[in-house]
Amino acid sequence: MAAERGEFSSRLGFILAAAGSAVGLGNIWKFPFEVGNGGGAAFVVMYLLFCFLLCFPVMTAEIAIGRKTRRNAVGAFYSLNSPAWSFIGKLGILSGFLILSFYNVVAGWAFGYVVEMLAGNFDIGNHFGDFVADWIKVGSYGLVFMATTAYIVSHGIQKGIERAAKLLMPSLIIIMVVLLAYSLTLDGAMDGLKFYLVPDFSKINGPVVYSALGQAFFSLSLGMGALITYGSYLNRDQNIVQSAALITLMDVGIAFLAGLMLFPFVFSQGVEPTGGAGLIFVTLPGVFENLGPVVGVVVGTLFFTLLSFAALTSTVSLLEVPVAYVVDEHKVPRTRAVWLTAILIFVVGIPSLLSNGATSIFTNFMQIIGIAQEGATDHSFMTFVGWVANDTFLPLGGMLISIFAAYIWKKENLSEELAQGNENYIGSYTEKYINFAISYLAPVVLSIIFVLTVLNRFFNIQLIG
Ligand code: PHE
């Protein structure tokens, strides 16, 4: 059995695949607009604190659970003699399903924009509403994206996931550096940097804190078993703590660079940075147009290629979570498991696909049951799925994984696993901090924020404001 399971061929392969999972639309599309909505640098500070102090320890626990058991997000809990806790893995698989269902829709937009930019169609930004409402067109882009994802995952760990990450991640970093260097030469770049880097702490309120936390979990692919799954393909001699630190740094680094690149672009055209979800799709094409026909096409195409590559390594990891479960636990051959799951998730994503202007049935329904507020145009079905899966399930999953690792599996076992490939771990300050974080910090902070988020998002009750 164990021999049949895939394994990453090297530490680099694992780190690139896991960082590829982490770096995605969350970093390049969502992070900048969350910064724009959340008041700039104050949001950035909250996000960084959550990533390093809270998420990094949870990440080591997730990877350790995966590597120890060499099983998928659900099976891992059976292997640790805790079948009752396998609901954490099931919740994770549900989250992965929901996230991929709408994530693929946005990935399809990104891919569609590569085509539009190549054709020099900068005007697309002004027709973003029509573009996303054209469900046949964006649905087809989404279908191509899902099929590409499935194709990669069907080739397994080394030949599929690892190989794709080794190609896509370096390309992504090169494109990013080129675009960043270029954006910093634009007039107005300094204003962009100021907005982005100088915090105004008076802007921190409840919603900024929830979004920063949800964003930290989402961006690091935490709380849904993606890293349990990837960890299950990791070799025993690898140092988990160091790898997790590198993955966190790469993820945060790329989100940070994305903002550093984007705000100069936006401010150079005197546009407001609070464009919400449309910041990238509405504002940027206009910015690219002003760069002139040739430079515009090159920069625009590069940018949306970057966004598509980032999304692809993430959709791959989102699909691998349910696939690993079906393959391990139900003994379904990988290829069949991959294509069936991908089709199912695509179908589950159809309401999200349609909720961006093609029909208002879903939004009306949510208004009737009292979830979406009347007149709030951004309360689409897709936004709602995001609230449930990203803002609620992921931090909940993270909290449960911490509690499980600290009190059920037990800290000593976690430490023992983390010490494999890391001789000086036991007794180090890192061990003390990780144990403190998963035993006290994560359970307490995450349960408080969980309650506040649920009250705010689903009952419109705002306790901190
Ligand atoms: N981390 C990815 C991003 O930032 C999204 C993701 C979430 C991927 C959860 C896998 C699991 O875009």
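These entries record what I looked up on one helix pair and on the ligand site.

Entry 1, the model. I am working from a predicted model, and I kept that in mind throughout.

Entry 2, the helix pair. I looked first at helix α1, residues 11-22, and helix α8, residues 157-184, and found that they pack at an angle of about 75°, with their axes 8 Å apart. Since angles of 65 to 115 degrees count as roughly perpendicular, I noted α1 as roughly perpendicular to α8. I then listed the residues that meet: from α1 they are G13, L16, A17, A19 and G20, and from α8 they are I161, E162, A165, K166 and M169. Sorting the contact of α1 with α8 by class, I got six nonpolar, two polar and two charged residues.

Entry 3, the ligand surroundings. I next asked which residues are closest to the ligand. Of the 14 residues that surround the ligand, the closest are A22, G26, Y103, F218 and S221.

Entry 4, polar atoms at the ligand. For A22, I found a backbone N or O atom 2.9 Å from an oxygen atom of the ligand, while for N27 I found a polar side-chain atom 3.3 Å from an oxygen atom of the ligand. On the nitrogen side, I noted that a polar backbone atom of S219 lies 3.1 Å from a nitrogen atom of the ligand. I closed with the area of the ligand, which exposes 320 Å² when taken alone, and of that the protein buries 100%.

Definitions and conventions
Residues numbered from 1 in each chain as written. Predicted model: local features only at pLDDT ≥ 70, side-chain atom pairs only at ≥ 80, totals over all residues. Heavy atoms only, no water. Axes fitted to C-alpha atoms, helices over the stretch in contact; angles between N-to-C directions. Helix = DSSP H or I, 4+ residues; strand = E, 2+ residues; numbered from the N terminus. Parallel < 35°, antiparallel > 145°, perpendicular 65-115°, else oblique. Contact = heavy atoms within 4.5 Å. Nonpolar A, V, L, I, M, F, W, Y, C, P; charged D, E, K, R; others polar. Near = heavy atom within 4 Å. Polar contact = N/O pair within 3.5 Å; in protein donor to acceptor, adjacent residues only side chain to side chain. Areas by Shrake-Rupley, 256 points an atom, 1.4 Å probe, with all protein chains shown as cover.
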